[in-house]
Amino acid sequence: MIRIAIVGGIGSGKTYISNLFGYPVFNADKIVSRIYSSNDRIFYKLKKNLPKFFSTPPIKKEELIRAILKNKNNIKIISKIVHPEVRKELDKFLKKHNNKKAIVLDIPLLLENNLNKKKDVVIFIHSSQKERLKRIKNRKNFNNSVFQKLQKLQLPLNIKRNRSDYVIKNNFKKDSARKNVKHILTKIL
């Protein structure tokens, strides 16, 4: 099985590009959202470690934002609780799709958390900072302070780019993105 890992900055279009490959996609952001909305065990772990910020299940975005903004160490506490659960889900995904020709990993902190394997095909999604910021500001619950803290968790973009096998310049035009994906698929399959 070929593991295609998609990396890039926040708002670069990683999820959109991931879905163009036509293979099963592990989307870590969706998994985290599901954990927040339905995993009571994780809620109670967060409440135990950060009792001032969490009231009743499910985990609410406003509570997470408040915790992150109050103390820079809170994001590390949240990550230590949530990331192992995401890894369990990744393991399930990999087992389920073990017989597929390829799978796509859309994991924002893939390189930072050393989740990549030596043989992974790493693809960096490049888009202008201006375009990324425009897209991010349009997201529901956008908070610039939280965005800045999340960005600090990530490797600098030039390092991600240098550690990648391919670069897709995402100009947010469908035909261009499809052509780039098709070109990469013909090289790796």
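Here is a short chat about a predicted model, taking in the overall fold and then serine 12.

Me: How many helices and strands does the protein have?
Reply: Reading along the sequence, you get β-α-β-α-α-α-α-β-β-α-α-α-β-α. Tally up the secondary structure and it comes to nine helices and five strands.

Me: What is the radius of gyration, and what does the globule rule give for 189 residues?
Reply: The C-alpha atoms fill a box of roughly 50 × 40 × 25 Å along the principal axes. For 189 residues the globule rule gives 16 Å, and the protein's value is close to that, so it is as compact as a globular protein of that length. The radius of gyration itself is 17 Å.

Me: Which carry the higher count here, positive or negative side chains, and how far apart are the centres of the two sets?
Reply: There are 13 negative side chains against 45 positive ones, so to speak a win for positive. As for the centres of the two sets, the distance between them is 3 Å.

Me: Where is serine 12 found, and is it buried or exposed?
Reply: Serine 12 is in the loop between β1 (2–8) and α1 (14–20). Its relative accessible area is 1%, and the cut-off for buried is under 20%. That makes serine 12 buried.

Me: Which backbone oxygen does the side chain of serine 12 reach?
Reply: Leaving aside neighbours within four places in sequence, serine 12 is in contact with Ile125, Ser127, Arg132, Asn170 and Phe172. The backbone oxygen you're after sits 2.8 Å from the serine 12 side chain, and it belongs to glycine 9.

Methods
Residues are numbered from 1 along each chain as its sequence is written. This is a predicted model: local features need pLDDT of at least 70, side-chain atom pairs count only at pLDDT 80 or more; totals for chains, interfaces and linings use all residues. Side-chain values use heavy atoms; hydrogens and water are left out. Helices (H or I, at least four residues) and strands (E, at least two) are DSSP runs, numbered from the N terminus. Buried means under 20% relative accessible area, exposed over 50%, partly exposed in between (1.4 Å probe, protein chains only). A polar contact is a pair of N or O atoms within 3.5 Å; within protein, one must be able to donate a hydrogen and the other to accept it, and residues adjacent in sequence count only if both atoms are side-chain atoms. Contact means heavy atoms within 4.5 Å. The radius of gyration is taken over C-alpha atoms; the globule rule is 2.2 Å times the number of residues to the power 0.38. Lys and Arg count as positive and Asp and Glu as negative; His and the chain ends are not counted. The place of a charge is taken as NZ of Lys, CZ of Arg, CG of Asp or CD of Glu.
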